[in-house]
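Visitor: Hi, have you got a few minutes to walk me through this one? I'd like to start with a single residue and work outwards.
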Amino acid sequence: MPPHVFALGRRELRYAAFRRPRGGDALEVVEIAAVPIAETVLGSGPLGAPLAEPEALGAALAALLERITGRVERASLVLPDAWARAFVLELGDLPDAEPQRSEVLRFRLKRLVPFRVEELRVAAASLAPIPGQQEPLRALIAFASEALVGGVERVFAARGVTLGQVTGSTQALLGALALHGRLPGLAAVALVQPEGFALVFARDGEPVVWRQKAFTEGLADADRARLLAGELRLTSTFLAERIGAERPGGVILAAPLEVEPFWRRVLAEGLG
């Protein structure tokens with residue numbers, strides 16, 4: 001995987017570069033940079049939207065590349081969870097070959113998501129089985145708007161940067177935490193972003209339960225806390241049905257500092 005990563009949000013385009021020290025396994029951050037972008041650049045919608053102003057995004061990318069040491073030719077892209085969603089799904093079969101693999105995924109998604117599946121980019125990764133599952137296979141299914149992802153890829157390609165892996169924020173966070181076995185046993189990981197939150201229960205870094213919710217605009221903190229507490233209790237009940245009495249060894253919270261106390265309280269009450 002290349003050492004260059006870009007993260008695109010509604011108001012900002014960020015960059016980070018990593019390196020692996022000689023003889024070591026851990027990754028080190030060696031450079032970070034960011035540029036603001038106008039909210040009108042990306043449009044709006046439940047999965048983001050096709051680029052409203054690709055030229056403006058290209059100009060922001062060009063400005064960011066000027067700040068970076070050296071040339072960037074290949075990179076990964078991280079999107080907000082609201083634009084690159086994921087969930088765990090049980091399947092009877094999942095072919096390895098395309099286009100059969102994508103056809104199976106789109107057929108199942110058609111019944112589960114309120115989007116036109118023909119307009120989605122879809123990927124899946126097999127997961128370890130758990131007791132009580134109803135189908136032979138479990139998989140982490142991820143999807144995003146093809147118009148959005150393809151548009152961003154074209155903007156980067158025009159500036160000489162080929163984007164390879166495109167992933168959601170929680171997937172990236174989980175991968176970083178689990179690198180080299182640093183997320184042992186059963187743990188919960190919560191990521192809070194402006195558009196919503198994701199809560200993942202993972203065993204040895206692999207998702208067991210994946211819950212993702214969007215935020216309702218204008219909701220008071222007290223009302224939001226009640227809704228979230230109910231959602232967390234349902235998640236805990238579902239988890240108990242699937243894995244029994246085993247409890248998470250800890251909860252990892254990634255949230256802006258100004259909302260961290262609220263989320264600490266909500267998670268403590270909702271998850272016990």
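Visitor: Is Arg224 buried or exposed?

Guide: Arg224 is buried, with a relative accessible area of 19%. Do keep in mind that this is a predicted model.

Visitor: Why does 19% count as buried?

Guide: Buried means under 20% relative accessible area, so Arg224 at 19% falls in that class.

Visitor: Where does Arg224 lie, then?

Guide: Arg224 is part of helix 5.

Visitor: And which residues is Arg224 in contact with, leaving aside its neighbours within four places in sequence?

Guide: Phe215, Thr216, Leu219 and Phe262 are the contacts of Arg224 once those neighbours are set aside.

Visitor: What does helix 5 pack on?

Guide: There is a sheet to introduce before that. It is an open sheet of four strands, in the order 11-10-9-12, and the pairing is mixed. From one strand to the next, the twist averages 15 degrees.

Visitor: Which strands stand at the edges?

Guide: Strand 11 and strand 12 (251-254) do. Each has a single partner strand, so one side of each is left without a neighbour in the sheet.

Visitor: How do strand 9 and strand 12 run, parallel or antiparallel?

Guide: Strand 9 (residues 186-193) and strand 12 run parallel, joined by four bridges. Along that pair, Ala188 stands opposite Val251 in strand 12.

Visitor: OK, back to the helices. What touches this sheet?

Guide: Helix 4 (residues 169-178) packs on the sheet and touches strand 9, strand 10 (196-203), strand 11 and strand 12. The direction of helix 4 makes about 140 degrees with that of strand 9. Helix 5 packs on the sheet too, touching strand 9, strand 10 and strand 11, and its direction makes about 160 degrees with that of strand 11.

Visitor: Switching to charges: how many salt bridges does a search of the whole structure find?

Guide: The search finds 11 salt bridges. One of them is between the side chains of Arg11 and Glu39, at 3.2 Å, N to O.

Visitor: What does the Arg11 and Glu39 pair tie together?

Guide: Arg11 lies in the loop between strand 1 (4-8) and strand 2 (12-19), and Glu39 in the loop between strand 3 (28-36) and helix 1 (54-67), so the pair ties together parts that are 28 residues apart in sequence. Arg11 is exposed at a relative accessible area of 51%, while Glu39 is partly exposed at 40%.

Visitor: Which salt bridges involve helix 5?

Guide: Among them is the one where the side chains of Arg211 and Glu231 meet, at 2.5 Å, N to O. Arg211 is in strand 11 (residues 206-214) and Glu231 in helix 5 (residues 221-243), so this pair ties together parts 20 residues apart in sequence. Arg211 is partly exposed, with a relative accessible area of 31%, but Glu231 is buried at 12%.

Visitor: And what about Asp223 and Arg226?

Guide: Their side chains also meet in a salt bridge, at 2.2 Å, N to O. Asp223 and Arg226 both lie in helix 5, three residues apart, about one turn of the helix. Asp223 counts as partly exposed at 31% relative accessibility, whereas Arg226 is exposed at 54%.

Visitor: Which residues do salt bridges that share partners join into one network?

Guide: Arg121, Glu146 and Glu153 are joined that way.

Visitor: Now the sheet with strand 1. What is the order of its strands?

Guide: The order is 3-2-1-4-8, in an open sheet of five strands with mixed pairing. Strand 3 and strand 8 (162-168) are the edge strands, each pairing on one side only.

Visitor: Which way do strand 1 and strand 4 pair?

Guide: Strand 1 and strand 4 (residues 74-79) pair in the parallel sense, over three bridges. Phe6 stands opposite Leu77 in strand 4. Helix 3 packs on this sheet, touching strand 1, strand 2, strand 4 and strand 8.

Visitor: Last one: how do helix 1 and helix 3 cross?

Guide: Their axes come within 9 Å and cross at roughly 50 degrees, which makes helix 1 oblique to helix 3. The crossing is right-handed. Pro54, Leu57, Gly58 and Leu61 in helix 1 meet Val152, Val155 and Phe156 in helix 3.

Definitions and conventions
Residues are numbered from 1 along each chain as its sequence is written. This is a predicted model: local features need pLDDT of at least 70, side-chain atom pairs count only at pLDDT 80 or more; totals for chains, interfaces and linings use all residues. Side-chain values use heavy atoms; hydrogens and water are left out. A salt bridge is a side-chain nitrogen of Lys or Arg within 4 Å of a carboxyl oxygen of Asp or Glu. Helices (H or I, at least four residues) and strands (E, at least two) are DSSP runs, numbered from the N terminus. Buried means under 20% relative accessible area, exposed over 50%, partly exposed in between (1.4 Å probe, protein chains only). Two strands pair if DSSP finds at least two bridges between them. Axes are lines fitted to C-alpha atoms, for helices over the stretch in contact, and angles run from 0 to 180 degrees between N-to-C directions. Contact means heavy atoms within 4.5 Å. Angles under 35 degrees count as roughly parallel, over 145 as roughly antiparallel, 65 to 115 as roughly perpendicular and the rest as oblique. A crossing is left-handed if the near helix is turned anticlockwise from the far one by less than a right angle, and right-handed if clockwise.
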